[in-house]
Amino acid sequence: SSLLGSNPVALTKVTGSDKHSGTYAAKLSTVKLTSVPSGWSMQDTVGFMATGKVIPSAPYLFLGYPETQKPSTFNFWYKYTPNGNDTASCLIVLLKRNGANRDTVGVGYAMFTTTVSTYTQYMLPIIYNTSVTASPDTAIIAFSSSGDNLPKVGSALYIDDLTFGTLSGIKETSGAEIVSVYPNPAVREFNFSFATDKAQK
C-alpha cells in the first residue's frame, strides 16, 4: 500500500474456472493509475508482473532471481482477453554477472494479439547468445497485459503453470536479429528492442 496508494490493483490471484490447475492463477489487468508514486518513473497505464522484489525505502524494483540452468524453452498456460487491438507479451532474459556488469546469456519473447478464451499452453523458445558461453546466474521473467503502444484499460491476461523445458540438446543461435538488449553489458538498467511486432511461437 505504501507504493500503490489509491491506485487500482493490476495483479490479482484468481480461482475456479480462471485457473488452469492447482489452487490459484495470476490475472494481469491493464489499469489506469490515478497517481504515480513519488520518485517513480512509469507510464500511467500498466498491467505488469515480473520476478523480483520492490524495495519501498528506495523505492527501486529489483528484477530477477537466481538461475543457473540453460533451458531450451519457457512454458506456461495462458488465456487472454484484449481490449480492442491491444497486445500482451512475455519476456524471459537469462543474465550472467561480469564484474560490475551483466551479460545477456539468452532471451525469449512472445506477443499475443487475439482473444484466447480457454487456457492454452505456450512453449517459448529461448535464444542463446553465442558470444556468452558461461551459464547464467540470474533470470528475469515478465508478463504484460498490454503493449507499450497505446495500452487499453481492461485487457486481461491469465497465467498459470510456469515451467522450464528440457536442458538437453540446446541449439545456441544468435538472437541479434530478433531481440536487441542494450546496453550490454549493463549495470542496473536494460533496454529491449524487438525487430518484429508480430506474435511468434
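In which strand is M111 found? In this predicted model, M111 is found in strand β11. M111 has a relative accessible area of 11%. The cut-off for a buried residue is under 20%, so M111 counts as buried. A partner distant in sequence is S144, 33 residues away along the chain. The C-alpha atoms of M111 and S144 are 9.4 Å apart in space.

Confidence varies along the chain. The average pLDDT of the protein chain is 82, and 73% of the residues score at least 70. Residues 168–176 stay under a pLDDT of 50. For residues 168–176 the model has 16 contacts beyond four places in sequence.

An open sheet of five strands was identified, with antiparallel pairing. Its strand order is β1-β2-β15-β9-β12. Strands β1 (11–14) and β12 stand at the edges. Each has a single partner strand, so one side of each lacks a neighbour in the sheet. Neighbouring strands of this sheet are turned against each other by 30 degrees on average, direction ignored.

Within this sheet, the pairing of β9 with β12 can be described at residue level. The two strands run antiparallel and are joined by seven bridges. Here F74 stands opposite L124 in β12. L124 is also one of the contacts of F74 once neighbours within four places in sequence are left aside. Other contacts of F74 counted in this way include Y122, M123 and I126. Further along the sequence, F74 is in contact with I141, F143, L162, T163 and F164. C90 and I92 are also among its contacts.

F74 belongs to the largest nonpolar core, which has 25 residues. F74 is among the residues with the most contacts inside this core, along with F76, Y78, F112, F143, L157 and I159. Seven strands are listed as supplying at least two core residues each: β2 (25–29), β9 (73–81), β10 (88–98), β11 (101–112), β12 (116–125), β14 (138–144) and β15 (156–164). In soluble globular proteins, nonpolar side chains tend to be buried together.

Strand β15 also holds a residue with a notable backbone angle. D161 lies in this strand. Its phi is near 55 degrees, a positive value in a residue other than glycine. The relative accessibility of D161 is 27%. This value falls between the cut-offs of 20% for buried and 50% for exposed, so D161 counts as partly exposed. M111 in β11, by contrast, is buried.

Definitions and conventions: Residues are numbered from 1 along each chain as its sequence is written. This is a predicted model: local features need pLDDT of at least 70, side-chain atom pairs count only at pLDDT 80 or more; totals for chains, interfaces and linings use all residues. Side-chain values use heavy atoms; hydrogens and water are left out. pLDDT is the predictor's confidence in each residue, from 0 to 100. Contact means heavy atoms within 4.5 Å. A nonpolar core is a set of buried Ala, Val, Leu, Ile, Met, Phe, Trp, Tyr and Cys residues joined through side-chain atoms within 4.5 Å. Buried means under 20% relative accessible area, exposed over 50%, partly exposed in between (1.4 Å probe, protein chains only). Helices (H or I, at least four residues) and strands (E, at least two) are DSSP runs, numbered from the N terminus. Two strands pair if DSSP finds at least two bridges between them. Axes are lines fitted to C-alpha atoms, for helices over the stretch in contact, and angles run from 0 to 180 degrees between N-to-C directions.
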